[in-house]
Amino acid sequence: KRRTESGRSIEGGLEQYSDSALDIDGAFESEEDKNKALDYLKQEAYQACLDAIREHLTVFLDETPDCSYEEWIEELHPENAKSTRNLVRGKTIDHRFYVEDSDHRQLWNQNLNDGQRQYVHIRDYSDVFSAEGSYSSRPRPPP
């Protein structure tokens, strides 16, 4: 077991895969080995992105402790703050940041600081706009 530069541990000799991403064809004895390597690389990339998002949230909350979730998303992903699909308190944030599996929403809710910041409820796309086109929210209770 060893650790990557980011501190994550690598087990079972899989460290060889992290350097082989660009030259993967012909590098494996079987399709199963190739798929295992690709799965490992996907997990490493996902974890690296999650670590970067978590770090950004930590710095953002330190600098602006009274901020909203929408302000953070707007700072982190300005390209997703331009959609008109999810108008919330004057912010236009892509509806995908409110779904159950949103890593951003989950990280935010883990950092509420004893009620200093608002819990962000799960919202499906159908929850975002009513038939008249106005915002409607049917928040679900926190877990």
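In the predicted model, the buried residues of helix 1 are Ala-37, Tyr-40, Leu-41, Glu-44, Leu-50, Ile-53, Leu-57, Phe-60 and Leu-61. Helix 1 spans residues 31-63, 33 residues in total. The distance from its first C-alpha to its last is 48 Å, close to the 48 Å expected at 1.5 Å a residue.

In soluble globular proteins, nonpolar side chains tend to be buried together. The largest nonpolar core of the present model comprises 18 residues, of which Tyr-69, Trp-72 and Trp-108 touch the most other members. Two or more residues of this core are supplied by each of helix 1, helix 2 (69-76) and helix 3. Helix 1 provides the largest share, five residues.

Tyr-69 was examined further. Leaving aside residues up to four places away in sequence, Tyr-69 is in contact with Phe-97, Tyr-98, Ser-102, His-104, Arg-105, Trp-108 and Val-120. Tyr-69 counts as buried because its relative accessibility is 2%, a value under the 20% cut-off.

Aromatic pairs were then sought. A pair of aromatic rings is described by the distance of the centres and the angle of the planes. The search of the whole structure yields four such pairs. One of them joins Tyr-69 and Tyr-98 in an edge-to-face arrangement, with 5.6 Å from centre to centre and 70° between the planes. This pair links distant parts of the chain, since Tyr-69 belongs to helix 2 and Tyr-98 to the loop between strand 4 and helix 3, 29 residues apart. Tyr-98 has a relative accessibility of 0% and therefore counts as buried.

A further pair is formed by Trp-72 and Trp-108, whose ring centres are 6.2 Å apart. The planes of these two rings lie at 20°, so the pair is stacked. It likewise links distant parts of the chain, with Trp-72 in helix 2 and Trp-108 in helix 3, 36 residues apart. Both tryptophans, Trp-72 and Trp-108, are buried. Through ring pairs, Tyr-69, Trp-72, Tyr-98 and Trp-108 are linked into a cluster. Trp-108 also has a charged group over its ring: the charged end of Arg-117 sits there, 6.0 Å from the ring centre.

The loop between strand 4 (91-92) and helix 3 (103-109) also contains Asp-94. Asp-94 has a relative accessible area of 8% and is therefore buried. Its side chain makes a polar contact, at 2.6 Å, with the side chain of Arg-96.

Notes. Residues are numbered from 1 along each chain as its sequence is written. This is a predicted model: local features need pLDDT of at least 70, side-chain atom pairs count only at pLDDT 80 or more; totals for chains, interfaces and linings use all residues. Side-chain values use heavy atoms; hydrogens and water are left out. Helices (H or I, at least four residues) and strands (E, at least two) are DSSP runs, numbered from the N terminus. Buried means under 20% relative accessible area, exposed over 50%, partly exposed in between (1.4 Å probe, protein chains only). A polar contact is a pair of N or O atoms within 3.5 Å; within protein, one must be able to donate a hydrogen and the other to accept it, and residues adjacent in sequence count only if both atoms are side-chain atoms. The expected span of a helix is 1.5 Å times one less than its number of residues. A nonpolar core is a set of buried Ala, Val, Leu, Ile, Met, Phe, Trp, Tyr and Cys residues joined through side-chain atoms within 4.5 Å. Contact means heavy atoms within 4.5 Å. Rings of Phe, Tyr and Trp (its six-membered ring) pair if their centres lie within 6.5 Å; planes under 30 degrees apart count as stacked, over 60 as edge-to-face and the rest as tilted. A charge sits over a ring if NZ of Lys or CZ of Arg is within 6 Å of the ring centre and within 35 degrees of the ring normal.
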